[in-house]
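Work through the exercises below with the sequence and the coordinates side by side. Try each task before reading the solution that follows it.

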Amino acid sequence: MIKIINYMLQDWQVNKETSSKSRFILLMFRSTQILGNLPVPFSFFSKFYRLLYQFLIEWILGVDLPWDTQVGQNLKLFHCHGLVVNHETIIGMNCILRHSTTIGNKMLQDGTPSGSPKIGNNVEIGSNVVILGPITVGDNAVIGAGSVVVKDVPNRSVVVGNPARVIRTLNTPLSLMNNELHQASELTSVSNHSNTDNLYK
């Protein structure tokens, strides 16, 4: 039971600075992954729960994140609106997605759909981004806002534009950079509180 609760809440803490909407969407997403595929005696409930998820998350909140999409832990969602993810997409751990972004397949010349992207770990994706086709976005990559990505993105690369191009390579993994920024922010906050306290002494 504890494992089930931990699975459902695996994105909760990382979204404490985003919004309650992000937390609700991801809680529903993870719970549907568990309850949406129960064995035959409970299959009717599974179908009902999947329909509930589709109605609330896709129709009402405007986030098209299919319940059977493979997504790693600690997914962070900013400004959850207009997000479209194909269910064959694979998203790694500690990734960040923003609004008005599409990640999916494209129609080939013979009329068949292509494969969908594979997003690595610690990838940050800006708003209004389009990532299409059977491509790989490497670990610790950053996709700039408004980019159209149709080719592989190397590890630790920053890409921008339409079509997206590499503008620089990160020497430090994004996850470490975020940790350093968070620690610096906490130190600044402590320093500010200390300075404020000194004013009243």
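**Exercise 1. Find out how far the model can be trusted, and where it should be read with caution.**

Solution. Begin with the pLDDT, the predictor's confidence in each residue on a scale from 0 to 100: the chain averages 88, and 85% of the residues score at least 70. Next, look at residues 188-201, where the pLDDT is below 50 and where the model shows 0 contacts beyond near neighbours in sequence, a contact being heavy atoms within 4.5 Å. Where pLDDT is low, the predicted coordinates should not be read in detail. Since this is a predicted model, local features are given at a pLDDT of at least 70 and side-chain atom pairs at 80 or more, whereas totals for chains, interfaces and linings use all residues. Residues are numbered from 1 along each chain as its sequence is written, and side-chain values use heavy atoms, with hydrogens and water left out.

**Exercise 2. Take stock of the secondary structure and of the burial in the chain.**

Solution. The chain has 4 helices and 15 strands, taken as DSSP runs numbered from the N terminus, with helices being H or I over at least four residues and strands being E over at least two. Of the 201 residues, 36% are buried; buried means under 20% relative accessible area, exposed means over 50%, and partly exposed lies in between, with a 1.4 Å probe and protein chains only. Among the contacts in the chain with a separation of 6 or more, 34% are between residues 24 or more positions apart.

**Exercise 3. Trace the open sheet, and explain what sets its edge strands apart.**

Solution. The order of the 5 strands is β1-β4-β7-β10-β13, and their pairing is parallel; two strands pair if DSSP finds at least two bridges between them. At the edges stand β1 (63-64) and β13 (148-149), and because each has a single partner strand, one side of each is left without a neighbour in the sheet. For a pairing within this order, take β7 (residues 102-104) and β10 (residues 130-132), which run parallel over 3 bridges, with Gly104 opposite Leu132.

**Exercise 4. Compare the two pairings made by β14, and locate the turn.**

Solution. Strands of a sheet pair through backbone hydrogen bonds, either parallel or antiparallel. With β12 (residues 142-143), β14 (residues 157-160) pairs in the parallel sense over 2 bridges, and Ile143 stands opposite Val159. With β15 (residues 165-169), β14 pairs in the antiparallel sense over 4 bridges, and here Val160 faces Arg165. The hairpin of β14 and β15 has 4 residues between the strands, and in its turn Gly161 has a positive phi of about 100 degrees.

**Exercise 5. Describe helix α3 from its start to the residue that follows it.**

Solution. Ser43 lies in α3 and is partly exposed, its relative accessible area being 35%, while its side chain reaches the backbone oxygen of Val40 at 2.9 Å. The 18 residues of α3 (residues 43-60) reach 24 Å from first C-alpha to last, close to the expected 26 Å, where the expected span is 1.5 Å times one less than the number of residues. Ser46, Tyr49, Tyr53 and Ile57 are buried in this helix, and what covers its buried residues includes α2 and β1. An α-helix has 3.6 residues a turn, so residues three or four places apart point the same way. After α3 comes Gly62, with a positive phi near 70 degrees.

**Exercise 6. Which surroundings does Arg30 have, and is it buried or exposed?**

Solution. Locate Arg30 in helix α2 (residues 20-35), and note that it counts as buried because its relative accessibility is 1%. Leaving aside neighbours within four places in sequence, its contacts include Tyr7, Asp11, Gly72 and Leu75. A polar atom of its side chain lies 3.0 Å from the backbone oxygen of Val71.

**Exercise 7. Place Asn121 in its loop, and check the cysteines for disulfides.**

Solution. Asn121 sits in the loop between β8 (118-119) and β9 (124-125) and is partly exposed at 25% relative accessibility. Its side chain reaches the backbone nitrogen of Met93 at 2.8 Å, and its contacts beyond four places in sequence include Cys95 and Asp139. Cys95 is buried at 1% relative accessible area, and Cys80 is buried at 7%. The structure holds 0 disulfides, a disulfide being a pair of cysteine sulfur atoms within 2.5 Å.

Notes: Polar contact = N/O pair within 3.5 Å; in protein donor to acceptor, adjacent residues only side chain to side chain.
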